[in-house]
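Please walk through this protein with me, from its overall surface down to single residues. Keep the sequence and the 3D view side by side.

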Amino acid sequence: VRMVAENVLIDVQENALNGILGTAQVTAVFNMLNLGEEIEGMAVRFPLSTNDGFSRYPEIEDLPIKVNDSPVSTRRVTELDEYDYPLPWAEFEAEFLPGEEVVIEVNYTLTGVGEYPYTSFAYLLETGAGWQGTIGRADLTVRLPYEANEYNVFIDSSPGWGQTTAGAVLAGREVRWHYEDLEPEVKHNLSIALVLPDAWSKVLKERSNVEIDPSDGEAWGRLGKLYKEISRLRRSTRDDDGGQQLFLLSAAAYEQALELLPDDALWHAGYA
């Protein structure tokens, strides 16, 4: 049985519960084709957890699965990973008739990991190697609540975890990857590092405020502070192009605030 197509959408939500570094709704659709001449019945598995980069193993809790639009029941099974950690999988029965396409759809909620104001999301593509041959076509998309750009997406850098997978293409609100005849390996696993949606939404709000009223010194100061926060890492500053530009934008916003509010000690301190 070959996976002739895999389409994955990670739809990042604008708001998340307090204490959670972002959430995303994931939809993964697999088009499977039995290349043989006999019926293939098997137990199919989907991973429920993996190492998040902080030696934690968060587990997917909501995982409705459909086979040809019909819901199927799943059972939880475990299998040792390379570090002998018992990784959980959702297992379900599926039947593949010769020459007939079977569509499997998986939906779940994904929680971001990292440290404020950054988060990252991941998806395992390497598990597709267990099927016959290569993955014919794989399209993976991360959709943001706003335009994706070098300021809010780490393209050629990382906050220290969640290095964005190579080959990412930014298009409007989306970050995309496309593969043909893929033999998936660890390096193909999707990972994306972002500015936390809550933090970037505050930037967009203050941008709007200074556009509406360019004489609002407080709004300029808040914008400078926000730019500064997302241009910094825990022990250094971002060295990617987007991070360097954010540093310059922060300085410019602080200067505008001080031109309008020359006696405001808070913004002087922030600029310093």
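About 14000 Å² of the protein is exposed, and carbon and sulfur atoms supply 49% of that area. This is a predicted model. Of the 272 residues, 45% count as buried. Along the principal axes, the C-alpha atoms fill a box of roughly 80 × 35 × 30 Å. The charges come next. There are 21 positive and 46 negative charges, and their mean positions are 5 Å apart.

Now the secondary structure. The protein has four helices and 13 strands. Contacts between residues at least 6 apart in sequence can be sorted by separation: 71% of them join residues at least 24 apart.

Start at strand 1, residues 2-12. Strands of a sheet pair through backbone hydrogen bonds, either parallel or antiparallel. Strand 1 offers an example of each. With strand 2, residues 23-33, strand 1 runs antiparallel, and ten bridges join the two. To find the register, look at V8: its bridge partner in strand 2 is A28. With strand 10, residues 135-143, strand 1 pairs in the parallel sense over six bridges. Here D11 stands opposite R143 in strand 10.

Follow strand 10 onward. Eight bridges join strand 10 to strand 12, and these two run antiparallel. D139 stands opposite H178 in strand 12. Strand 12 also pairs with strand 11, residues 169-171, through three bridges and again antiparallel. In that pair, A171 stands opposite E174. Strands 11 and 12 form a hairpin with two residues between them. In the turn, G172 has a positive phi of about 65 degrees.

A separate stop is the open sheet of three strands. Its order is 3-7-6, with antiparallel pairing. Strand 3 (40-47) and strand 6 (75-80) are the edge strands, each pairing on one side only. Neighbouring strands of this sheet are turned by 45 degrees against each other on average, direction ignored. Take strands 6 and 7 as a close-up. Strand 7 covers residues 86-96, and six bridges link it to strand 6 in the antiparallel sense. V77 stands opposite W89 in strand 7.

Next, look at V106, which lies in strand 8. Is V106 buried or exposed? V106 counts as buried, because its relative accessibility is 1% and the cut-off for buried is under 20%. Which residues does V106 touch, leaving aside those up to four places away in sequence? They are V26, T27, A28, F30, F46, L63, P64 and I65. One of these, A28, is also the strand 2 partner of V8. Another, V26, is 80 residues from V106 along the chain, yet their C-alpha atoms are separated by 7.9 Å.

Finally, check the backbone. Most residues other than glycine have a negative phi, and most peptide bonds are trans. Three places in this model depart from that pattern.

The peptide bond between Y116 and P117 is cis, with omega about 5 degrees. P117 is found in the loop between strand 8 (101-111) and strand 9 (118-123).

D69 is not a glycine, but its phi is positive, about 70 degrees. Where is D69 found? D69 is in the loop between strand 4 (65-67) and strand 5 (70-72). Its relative accessible area is 65%, so D69 is exposed; the cut-off is over 50%.

D181 likewise has a positive phi without being a glycine, and the angle is about 45 degrees. The place of D181 is in strand 12, residues 174-182. How does the surface treat D181: buried or exposed? At 52% relative accessibility, D181 counts as exposed.

Strand 12 is worth one last look. It holds D181. It also pairs with strand 10 over eight bridges and with strand 11 over three.

Note on methods
Residues numbered from 1 in each chain as written. Predicted model: local features only at pLDDT ≥ 70, side-chain atom pairs only at ≥ 80, totals over all residues. Heavy atoms only, no water. Pairing = 2+ DSSP bridges. Axes fitted to C-alpha atoms, helices over the stretch in contact; angles between N-to-C directions. Buried < 20%, exposed > 50% of the residue type's maximum accessible area, 1.4 Å probe, protein only. Contact = heavy atoms within 4.5 Å. Areas by Shrake-Rupley, 256 points an atom, 1.4 Å probe, with all protein chains shown as cover. Lys, Arg positive; Asp, Glu negative; His and termini not counted. Charge placed at Lys NZ, Arg CZ, Asp CG, Glu CD.
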